[in-house]
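Visitor: I am new to this structure and should be grateful for a close look at a single part of it.

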Amino acid sequence: MNIIVVGLSHKTASVEIREKLSISEQKLESTIANLLQLPHIDETAIISTCNRLEIYAVVKHIEQGVKEINHFLAETATTSVSELQKHIFALSGRDAVLHLMRVAAGLESLVLGEGQILCQVKKAYRLGQTYKGLKKILDRLFKQAITAGKRIRNETSIGSGAVSISSAAVELAKTKVQDLTAYNITVIGAGKMSGLLIKHLLAKNAVQISIVNRSFTGAEELASKFPNHKFQLYSLSEMMSAIVKSDIVFTSTSAPEPILDRVKLEQALPKNHSLMLFDISVPRNVNADVNELENIAVYNVDDLQAVVAQNQETRRQMAQRAEVLLQEELQVFLLWFQSLEILPTISCLRNKVESIGEQELKKAVSRLGSEFSERNRKVLESLTKGIINKILHEPMVQLRTQQDLEVRRLTLQTVCELFNLDVREQNVSAFETRSHREFKHALERKFVEVTTHTAK
């Protein structure tokens, strides 16, 4: 089995491309189900945010798995694979594992060290479990990545003062108007991003803030989180009324199509009305044709680069320490993952040696005759098992603790040749007679058994 990740991010694709491949939470269950139906994919999990779409998978063959996901994404974006590959990256094995850990630690974010991405990785893990995309390997990988993300934030200061996309948008707005106190501001949407927007707006002394949401109740719930401030609240049907009164508008909704376009704004706004629109949604909430209007400035997530750059240097120094810690977390996972490779050989070796021991024990008992007592038989059985465990102990320890992958594989090959083990045949027959999950569970039980015997 191999671990891969196929995806795109703010580093490889523009917001126009990213929004075509954005997968809403409502579509996540069906998307995971469709991916699991692909011939070479056994496990999958999806991270979909405004800045990235990444599909993690456990595949039988790396090349075929990547190819299947590429075709799947091309169909989703209604484009050709060749066109999509200009923006797609694919990683496998160690690189894929390290990438997820870097994502969880905020080292791959637009805002280096931002904290929100760790919550998004946790959410991807939780939904992957809920929708049956995760099995043993990805479950362990995501747990390790989340642990790594937490450790980076605890042991470095990379998260302190790190701005989110929401705060970067507020910072950008502040560079345009200097003092937010005198401006009428509208926030469209009432989700987490909108909550962060309001938090940062209040920190920058914004006073006149309106909240627009699809449901008025949602707007009320968001406003209730800031009990010391009074907001003007609107439902989505009243959106244009709120915008007409505004100087600055932030949009952060999960709408699949733009909720603002040139026609709506042209019809609603008075002539020469100046307006700044900060669209931090993917897919975008503001249609590109709004840029054609005079006196209206539109900024999207890609425009936040300049704001982010001002704070990057300090975080880069912290990131160097974070990279060292991530290598430690990477090794923890790789040792576990590589240990899965030795389980069939350990199982096969123990089975063969135990079978020889049982045969020889039977011969010895039959030669001793009927006068041989049950107590003596148990002593002889204990002796046989003890000899077997002593013989197997050292090779099993060496197999489990060998960190060099090539040395480990060479050792496995040597063991198979020395003891004439056909591990491949054993694996094939096991996969033919039971599901992959059941086979892995059987190996796990055998590993526990082996460990128990070895400990004795």
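Visitor: How many bridges join strand 9 to strand 10, and do these strands run parallel or antiparallel?

Guide: Five bridges join strand 9, residues 275-279, to strand 10, and the two strands run parallel. Some conventions come first. The model is predicted, so local features need pLDDT of at least 70 and side-chain atom pairs count only at pLDDT 80 or more, whereas totals for chains, interfaces and linings use all residues. Residues are numbered from 1 along each chain as its sequence is written, and side-chain values use heavy atoms, with hydrogens and water left out. Helices (H or I, at least four residues) and strands (E, at least two) are DSSP runs, numbered from the N terminus. Two strands pair if DSSP finds at least two bridges between them.

Within this pair, leucine 275 stands opposite isoleucine 296 of strand 10. Both strands belong to an open sheet of six strands, ordered 7-6-5-8-9-10, with parallel pairing. Its edges are strand 7 (232-235) and strand 10 (296-300), each of which pairs on one side only. On average, neighbouring strands of the sheet are turned by 15° against each other, direction ignored. For such angles, axes are lines fitted to C-alpha atoms, for helices over the stretch in contact, and the angle between N-to-C directions runs from 0 to 180 degrees.

Helices accompany the sheet. Helix 9 (residues 192-203) packs on it and touches strand 5 (184-188), strand 6 (208-213) and strand 8 (248-251); contact means heavy atoms within 4.5 Å. The direction of helix 9 makes about 160° with that of strand 5. Helix 10 (residues 216-224) lies across strand 6 and strand 7, at about 150° to strand 7.

One residue of strand 9 leads further. Phe278 is among the 37 residues of a nonpolar core, which also includes Val111, Ala168 and Leu222. Such a core is a set of buried Ala, Val, Leu, Ile, Met, Phe, Trp, Tyr and Cys residues joined through side-chain atoms within 4.5 Å; buried means under 20% relative accessible area, exposed over 50%, and partly exposed in between (1.4 Å probe, protein chains only). That core lies apart from the largest one, which has 42 residues. There, Ile3, Val121, Phe142 and Phe333 touch the most other members, and helix 14 (312-368) gives the most, with 10 residues.
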